[in-house]
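Hi,

Here's the structure I promised to pass on to you. Have a look at it first, and then read my notes below.

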Amino acid sequence: MPNELLRFVDLAKATPDKRAADERRTDFDEIFRDFARERAAEQAARCSQCGVPFCQIHCPLHNNIPDWLKLTAEGRLEEAYEVAASTNTFPEVCGRICPQDRLCEGNCVIERGFASVTIGAVERYVTEQAFANGWVAPPTPRRENGRSVGIVGGGPAGLAAAEWLRRRGYAVDVYDRHDRIGGLLIYGIPGFKLEKHIVQRRIDLLARAGIRFHVKTALGRYLTLAEARQRHDAVLLACGVYQARDIQAPGVGLSNIVPALDYLIASNRKGLGDAVPAFDDGRLDARGRHVVVIGGGDTAMDCVRTAVRQGAASVTCLYRRDRANMPGSAREVGYAEEEGVSFRFLANPVAFIGDREVEGVRVATMRLGAPDATGRQTVVASGEAPATLKADLVIKALGFDPEDVRAMAATPELEVTRWGTVRANHKTLMTSVPGVFAAGDIVRGASLVVWAIRDGRDAAKAIDGYLDARDAGAEALYAAE
Ligand code: FAD
Ligand code: SF4
Ligand code: SF4
């Protein structure tokens, strides 16, 4: 009986069908197909409906997972969608790209010996059914409330805030420096993890609800924070972190050594049908090249898998620690290996060789040393002579820091932390500038989409509370929190 719960005892965990690696290597389509209806219901029915659901506690949005699983098992999909969408602005995105193994599924407490419930794929399935059946409506408010909010940055944090505010009657303007809305959902994350029409479909709904999008409108170039503050009752900074970390080694200035995001943006733009000179002239195209990607996070995994799809001659990932210490999702590493990427762990680039263009990377072997103050093992050179690896395209995926937000905002009184992220009061979520709030990576540092959504929703609620206080004449009290 598919709608009987507690099926974990007799039914194994299953994910939707994964396309074969040989097929995946040739296109940028998502690697998983959607669940079939029966299969989604069966998998949802594996849940044991815990009284204290650890899955929910470890989901940054505290999604009501057991409830939507039960409704899915019972075939009540419209209600399942309503429950899922009540806490999540983009359940179709999180179902695809959350690192579930570290969040909800990784904390599912089905008894030892049984694999976790397949939560992300069910969240995706329920939302796809909702779109297919016309159950997803634009967040149009019942009435306007006369207040206006300006949001700088159209990534998941800004859009989650925009949706929450618009639903409650706010006039919302989103300013973004790119020519498309979506932030890293559009220009960072490749299509094989998240197809672009999935993101665009949601953005279209937000536009239909009356949210105004102003593209090619960079804060610092076409807009100052003071102007935004004058135009709106409150402003939200949700501009992400984009300053690529660099590597210090001889030869790093050679051509064909490129930052990860330049490479991924070019690839995503090509996929969207744009003319991209740096791709079209071969500089950011891996076709026929020996590609070396430096880094062990999710961005590095996206680069190696993009290079495979572009037809690279070989793709090698260098990571200075071991596999167990990789910061990226183990799942993504597995997919990359299936697709033909070779990994060199405990490998550190010490020099880049070539006359004008890079021709090779000198790679030193490392070993893990004693733990540092944070408890993480340090990395030390093994003492072996470095070896040379052939490379004619090197991609640096070493992480991101914030740009100079204070300069961008032309507001010296905007306080930042020692890491350059915007300092927001942890209770009010307001920055040091009255009426200006901040959310997402620009506060948290490079993180996850699900945290950006959470932060965007929290900031929207905080703005609502602040404007209520202002209208009640208690703004000063609010600011003093
Ligand atoms: P962003 O998504 O960066 O959006 C910020 C927006 O602000 C952008 O649209 C930008 O154009 C705009 N902006 C910046 N400066 C200005 C300015 N001066 N004026 C106007 N607009 C401006 N997370 C996951 O959960 N799963 C994944 O699989 C995953 N993969 C990733 C892969 C890559 C390659 C990268 C780089 C990140 C990945 N992440 C992933 C992390 C995730 O994308 C981010 O944590 C998330 O997008 C942060 O959301 P945000 O809204 O704070 O910022
Ligand atoms: Fe899991 Fe992410 Fe969905 Fe939360 S939002 S239930 S962490 S997939
Ligand atoms: Fe169901 Fe697992 Fe969550 Fe328990 S922890 S409610 S079994 S999904």
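Which backbone atom lies 3.4 Å from an oxygen atom of ligand 1? That's a backbone N or O atom of L448. Taken alone, ligand 1 exposes 1000 Å², and the protein buries 97% of that. Before you go further, keep in mind that this is a predicted model.

Ligand 1 has other backbone partners too. A backbone N or O atom of D441 sits 2.9 Å from an oxygen atom of the ligand, and a polar backbone atom of S447 is 3.1 Å from an oxygen atom of ligand 1. In total, 34 residues surround ligand 1, and the closest are D176, K193, L219, Y242 and D441. Sorted by class, that shell holds 18 nonpolar, 11 polar and five charged residues. If you want to see which helices help build the shell, look at α8 (156–167), α14 (298–309) and α18 (449–471): each of them supplies at least two residues.

Now on to ligand 2. Its surroundings are C59, N63, I65, W68, N88, C94, C98, Q100, L103, C104, E123 and V450. By class, this shell divides into eight nonpolar residues, three polar ones and one charged one.

Next, try turning the model to helix α2, which covers residues 37–44. Its buried residues are A40, A41, Q43 and A44. They are on the same side of α2, because they cover an arc of only 165 degrees around the axis. What do they pack against? The buried residues of α2 pack against α4 (65–73) and α7 (119–132).

Last stop: R168, which you'll find in the loop between α8 and β2 (171–175). Is R168 buried, partly exposed or exposed? Its relative accessibility is 38%, so R168 counts as partly exposed. The side chain of R168 reaches the backbone oxygen of W164 at 2.8 Å. Setting aside neighbours within four places in sequence, R168 is in contact with P141 and N145. R142 is worth finding as well: R168 and R142 are 26 residues apart in sequence, while their C-alpha atoms are 7.8 Å apart in space.

That's it from me. Happy to go through any of this with you on screen.

Cheers

Terms used:
Residues numbered from 1 in each chain as written. Chains lettered and ligands numbered in written order. Predicted model: local features only at pLDDT ≥ 70, side-chain atom pairs only at ≥ 80, totals over all residues. Heavy atoms only, no water. Near = heavy atom within 4 Å. Nonpolar A, V, L, I, M, F, W, Y, C, P; charged D, E, K, R; others polar. Buried < 20%, exposed > 50% of the residue type's maximum accessible area, 1.4 Å probe, protein only. Helix = DSSP H or I, 4+ residues; strand = E, 2+ residues; numbered from the N terminus. Arc of directions from axis to C-beta. Contact = heavy atoms within 4.5 Å. Polar contact = N/O pair within 3.5 Å; in protein donor to acceptor, adjacent residues only side chain to side chain. Areas by Shrake-Rupley, 256 points an atom, 1.4 Å probe, with all protein chains shown as cover.
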